[in-house]
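Visitor: I have a model open on my screen and would like a guided look at it. Could you take me through it, one question at a time?

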Amino acid sequence: MNGVDSVVIATGNDWRAIEAGAHSYAARSGKYTSLSTWDKDADGNLAGMLEMPMAVGIIGGATKVHPAARAALKLMGVTTASELAQIIVSVGLAQNMAALRALATEGIQRGHMTLHARQVAIAAGAAASSRKLAAQLVTEKVVRIDRAEEILKEMKAG
């Protein structure tokens with residue numbers, strides 16, 4: 001839902017209604033299940049499907065009056081609510097694939113920690129060396145800006 005919510009919010013639609021509908025739909029059988037399914041098509045290609053109720057619009061409400069929502073719709077080239085729904089579902093599937101990859105490889109927590117370490121490295125002033133600095137922060141298990149600044153000074157000195 002992270003990807004879905006992001007597009008819904010950016011376009012001025014009601015993310016709370018989308019969330020409520022999605023969670024209700026996921027529990028419709030009495031057991032909470034996934035909204036996405038992954039399979040291989042006839043040609044052996046990976047095919048994903050995201051099924052959930054979703055009412056979104058591009059005319060009226062915040063989508064009409066909020067400049068950022070209008071800009072988001074224009075940027076995406078969306079001309080119908082159906083097109084917007086397709087983009088939202090595509091982003092949701094991409095987010096789902098990223099989560100599955102993280103679960104199957106390094107794990108969600110470690111992946112988040114690596115991303116956080118990169119952000120801390122950049123905030124400390126590292127540009128080209130941000131990946132190396134982030135890796136050291138993760139290795140040391142000390143992901144703090146003060147430590148990132150210390151390491152960066154050491155890297156520049158040596």
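Below, a visitor asks and a guide answers.

Visitor: What mean pLDDT does the protein chain have?
Guide: Happy to help! This is a predicted model, in which local features need pLDDT of at least 70, side-chain atom pairs count only at pLDDT 80 or more, and totals for chains, interfaces and linings use all residues. Residues are numbered from 1 along each chain as its sequence is written, and side-chain values use heavy atoms, with hydrogens and water left out. pLDDT is the predictor's confidence in each residue, from 0 to 100; 94% of the chain's residues reach 70 or more, and the mean is 89.

Visitor: Which element has the lowest mean pLDDT?
Guide: Elements here are DSSP runs numbered from the N terminus: helices (H or I, at least four residues) and strands (E, at least two). Helix α2 has the highest mean, 96, while the lowest, 77, belongs to α6 (residues 108-123).

Visitor: Which element gives the largest share of the largest nonpolar core?
Guide: A nonpolar core is a set of buried Ala, Val, Leu, Ile, Met, Phe, Trp, Tyr and Cys residues joined through side-chain atoms within 4.5 Å. This one has 17 residues, and V4, M52, L84 and I88 touch the most other members. Two or more residues come from each of α1 (2-10), α2 (15-26) and α5 (81-104). The largest share, four residues, is from α5.

Visitor: Why does V8 count as buried?
Guide: V8 is part of helix α1. Buried means under 20% relative accessible area, exposed over 50%, and partly exposed in between (1.4 Å probe, protein chains only). V8 counts as buried because its relative accessibility is 0%.

Visitor: How far apart are the C-alpha atoms of V8 and I18?
Guide: Contact means heavy atoms within 4.5 Å. Not counting residues up to four places away in sequence, V8 touches N13, D14, W15, I18 and I88. V8 and I18 are ten residues apart along the chain, and their C-alpha atoms are separated by 8.2 Å.

Visitor: Which residue of β2 is the bridge partner of K40?
Guide: Two strands pair if DSSP finds at least two bridges between them. Strands β1 (residues 36-40) and β2 (residues 46-50) run antiparallel and are joined by five bridges. W38 stands opposite G48, and K40 has as its partner L46.

Visitor: Over the ring of which residue does the charged end of R28 sit?
Guide: A charge sits over a ring if NZ of Lys or CZ of Arg is within 6 Å of the ring centre and within 35 degrees of the ring normal. For R28, the charged end is 3.8 Å from the centre of the ring of Y25.
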